[in-house]
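Welcome! Work through the exercises below with the sequence and the 3D view at hand, and try each one before you read its solution.

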Amino acid sequence: MHQPDAERQGVLPDNKQAVTRRLAGCLVWAAVAGLSLWPVLIAAASPYIVGRSAVYIAAGLAGALSLALLFVQPLLAAGLLPGLTGLHGRRWHRVAGFLIVAAVAVHIGGLYITSPPDALDALLLVSPTPFSIYGVAAMWGLVLTVVLVAFRKHLRLRPLAWRIIHNALVAGVVATSVAHALLIEGTMGSLSKIVLCSCAVLTTAAVTLYLRVIKPRRKREALAQKAHGTASDLSARS
């Protein structure tokens, strides 16, 4: 007679925990999507693009999208997004990397088609606008990152060397991209742009610290505790 009540008491907490986890996951995704799409949507509705060609508009939106993806990338690498952890998260990390490269290619290609002289001046580092230098630096950092990833097996880098070089390039790409975006008075709103740039820098720094310092240290401590426990058991048996 009381068995259903006991089962219900055991099931309800699990259901509450599942609902709580799902709700928390939805809130995380909503926050990430909101922060990422906020400046992109503002750019799409900006008065600066009124009367502009479709190529120019696509180039501007691609730039905003690439900046948004730079914010999401470290979250995927660390498996911090609900439902995208472990191997699944790393797979989407690579997909996001490809999308960043594609968005940057559209951004640069669109600007070149719209104004070849300005684009060439920027690429040759003779443009009078400071933001162009940071944009070109970010582009070459991205190119080096792609080359590093594509030829990782052929380079035969040790894991530690790979992590150091990869993280250094990523940090450089994020820093120069943020500087490039902040110096441009363009379609993205000032507040949304500052918030997104801050999120990109903070998540990159925090995830790098977590993956390269905190997580390995926790792993070493766990192994040390396990080894100590095994040694204690052997001593007790002897």
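**Exercise 1.** Decide whether Arg-156 is buried or exposed, and find the loop that holds Arg-156.

*Solution.* Start with the cut-offs: buried means under 20% relative accessible area, exposed means over 50%, and partly exposed lies in between, with a 1.4 Å probe and protein chains only. Arg-156 has a relative accessible area of 76%, so Arg-156 is exposed. Next, look along the chain: Arg-156 sits in the loop between helix 6 (152-155) and helix 7 (159-183). Helices here are DSSP runs of H or I with at least four residues, numbered from the N terminus. Finally, check the backbone: the phi of Arg-156 is positive, near 55°, in a residue other than glycine. Most residues other than glycine have a negative phi.

A note before you go on: this is a predicted model, where local features need pLDDT of at least 70, side-chain atom pairs count only at pLDDT 80 or more, and totals for chains, interfaces and linings use all residues. Residues are numbered from 1 along each chain as its sequence is written, and side-chain values use heavy atoms, leaving out hydrogens and water.

**Exercise 2.** Find where Leu-125 is placed, and classify its exposure.

*Solution.* Leu-125 lies in the loop between helix 4 (116-123) and helix 5 (130-150). Its relative accessibility is 52%, so Leu-125 counts as exposed. Leu-125 is not a glycine, yet has a positive phi of about 60°.

**Exercise 3.** Work out which elements give two or more residues to the positive patch.

*Solution.* First collect the members: Arg-90, Arg-91, Arg-94, Lys-215 and Lys-219 form a patch of positive charge on the surface. Patch residues have over 30% relative accessible area and no salt bridge, and like charges are joined within 9 Å. A salt bridge is a side-chain nitrogen of Lys or Arg within 4 Å of a carboxyl oxygen of Asp or Glu. Then assign the elements: helix 3 (86-114) and helix 8 (190-237) each give two or more residues. Helix 3 supplies the largest share, 3 residues. Lys-219 is in helix 8, and at 59% relative accessibility Lys-219 counts as exposed.

**Exercise 4.** Say how far apart Ala-206 and Leu-75 are in sequence and in space.

*Solution.* Begin with Ala-206, which is found in helix 8. Its relative accessible area is 43%, so Ala-206 is partly exposed. In sequence, Ala-206 and Leu-75 are 131 residues apart, while in space they are 9.7 Å apart, C-alpha to C-alpha.

Note on methods: Patches are made of residues with over 30% relative accessible area and no salt bridge: like charges are joined within 9 Å, nonpolar side chains (Val, Leu, Ile, Met, Phe, Trp, Tyr) within 5 Å. Accessible areas come from the Shrake-Rupley method with a 1.4 Å probe; for residues, only the protein chains shown count as cover. Lys and Arg count as positive and Asp and Glu as negative; His and the chain ends are not counted. The place of a charge is taken as NZ of Lys, CZ of Arg, CG of Asp or CD of Glu.
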